[in-house]
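Visitor: Could you take me through a close look at one part of this structure? I'd like to see how the pieces of a single chain meet.

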Amino acid sequence: MLKKEEVEHIAKLARLGLTEKELEKMKRELSKILDYFEQLKEIDVSRVEPATHSVKVENVMREDEERLKKPKDQNKKLLDLVPERKDNYLKVKSIL
Amino acid sequence: MNLTELTIRQTHEGLKKKQFSALEICRAYLDKIAKEDKKINAFLTVTRESALLQAKKIDEMILSGQEISLLAGIPLAIKDNILVKNVRCTAGSKILDNYIAPYDATVIKKLQERGAVILGKTNLDEFAMGASGENSAFGPTRNPHDLSRVPGGSSAGSVAAVAANMSCGALGSDTGGSIRQPASLSGVVGLKPTYGAVSRYGLIALVCSFDQIGPITKTIEDAKILFEAISGKDPLDSTSLEFKFQSSLPNFQIKEVCFGVPKEYFIEGIDPKVEEIIQKAIKKYEDLGAKIEEISLPHTKYAIATYYIITPSEVSANLARYDGIKYGYSTIQSKKSKLKSLLNVYLESRGEGFGEEVRRRIMLGTYALSAGYYDAYYLKAQKFRTLIKEDFKKAFQKVDFILTPTSPTPAFKLGEKTEDPLKMYLCDIFTSPVNLAGLPGISIPAGKKGNLPVGLQIIGKPFEEDKILQVAQTFETI
């Protein structure tokens, strides 16, 4: 069973603001799911190579040149989505 | 003639013969949506004006005697995690409620180049996380065959739209079964392509190493038409690949095909009627002269644990971009956060913007990747992924295709599994191994339990979609 402090720590790492009640529920649910994962202890996989992808992935290289003509309105479209901005800058709250 | 009951092929033939116009077709579907969708909730956005405009364009082409492509004037529905320029794209989440897509996904470009008519965007479990359609921030979609039941998920709206004749075809996305499982529960055809067969550019990322876009249709021929249109290498997705797709396989003979039936897929917990329908389907192939062989995929029982470690891990990384700063739901301007710090904006925007299942997976993934736990969870799951891949590889040395049920049960009741996340996760038991191995798979209607459809899953070798479709078509035409 996860401890409450552990769940709080993970929530902070994940940048998720959870209420007391939500933390409690999360603790119960995550613990149950982690118990289910215990079955992966049944067989020894120490010699098995891990797979990150289903297909063999290799780096794909290309020339460092402009590929697409950027539509004229693209910057505006992106900036229009910003919740708070000043002119063409994104505004953020103070970090410290 | 009921226009909304036609397949893509039939609609195309009718347009060419001028039996009806593209505008009439488009209006018929829009009317159907207006009439039926209040009770089904398949669509989040209906793009009425642009659809009618596009239909008119196709009619002009036809009138002026131009050749039209198979998809010209065909009304399609698009899962709302695929970007269509200037149209709202929510991914079923409150955090993207106000998000307007600034560009087109590659699959959308390809459909538009062929003249397809986009009717709208369909409902889904939030960020495609779910197997019932109930995790949407915009309310659940209902199964057209029985409104008290779920259509399956996460491509809930896309399958429901096709099943209820509110769209001629649709696109979905499949990460652990999100095309095939709902196709099975809603009685339509759903193809999950090989990883890399279809560009993911413009698909809102869930799990980058599993996600694939694929067609949802009424018939297998229609699935083939859509798949041919959207597949192929895209410079904007470096994991996409060029491959050979044969539109027809003149030398195909069902007598020369060997099917594998994995014993691990006929286990306790499978609905007896589902098992009966699938065994009958297998028998049909046998009666046609195909060889049937029992095979073993010994690590199947570990697939769900493996999948639900890797998926949340990638989810926690992929969804870090929703920060309340660049786009989407944000508390940055709310009065109570005026004096707070950047961290508060993150915590509040994400805590309030994401739904329960999304938060759960972000937490799980963050835990699995955090210091001290990486080896025990993520790395270990990747090793199991290797074992599951190897299982399939070995099987495909002996057999050409693998036949399984798509889902252990037919459509379940709304609310039946929402209280227990693990129960919902187990819905993916027959579909997620295919994503772990990156293989292509299709679900086709195989029978019914009462009025509830049951799907047969056909799994093939990488980039053999043409053969899977051929084998599926053989079944469909018996």
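Guide: Here is a walk through the place where two domains of one chain meet. Keep in mind that this is a predicted model. Chain B is assigned two domains: domain 1 covers 1–297 + 387–478, and domain 2 covers 304–376. So that you can picture the contact, 28 residues of domain 1 of chain B take part in it, along with 25 residues of domain 2 of chain B, where contact means heavy atoms within 4.5 Å. Measuring from centre to centre isn't the same thing as contact, of course: the C-alpha centres of these two domains of chain B lie 29 Å apart.

How much area do domain 1 of chain B and domain 2 of chain B bury between them? It comes to about 2300 Å², with 67% of it on carbon and sulfur atoms. On the domain 1 side, look for Ile95(B), Met129(B) and Tyr425(B), which supply 31% of the area that domain 1 of chain B buries against domain 2 of chain B, more than any other three residues.

Now for the polar side of things. Between domain 1 of chain B and domain 2 of chain B, the count of salt bridges is zero, but nine residue pairs are in polar contact, both residues at pLDDT 80 or more. Two helices of chain B, α13 (421–425) and α14 (432–436), each give at least two residues to the side of domain 1 that touches domain 2. Sort the residues of that side of domain 1 of chain B by type and you get 17 nonpolar, eight polar and three charged.

How values were computed
Residues numbered from 1 in each chain as written. Chains lettered and ligands numbered in written order. Predicted model: local features only at pLDDT ≥ 70, side-chain atom pairs only at ≥ 80, totals over all residues. Heavy atoms only, no water. Domains from an automatic or database assignment. Buried area = accessible area lost by both parts, 1.4 Å probe. Salt bridge = Lys/Arg side-chain N within 4 Å of Asp/Glu carboxyl O. Polar contact = N/O pair within 3.5 Å; in protein donor to acceptor, adjacent residues only side chain to side chain. Helix = DSSP H or I, 4+ residues; strand = E, 2+ residues; numbered from the N terminus. Nonpolar A, V, L, I, M, F, W, Y, C, P; charged D, E, K, R; others polar.
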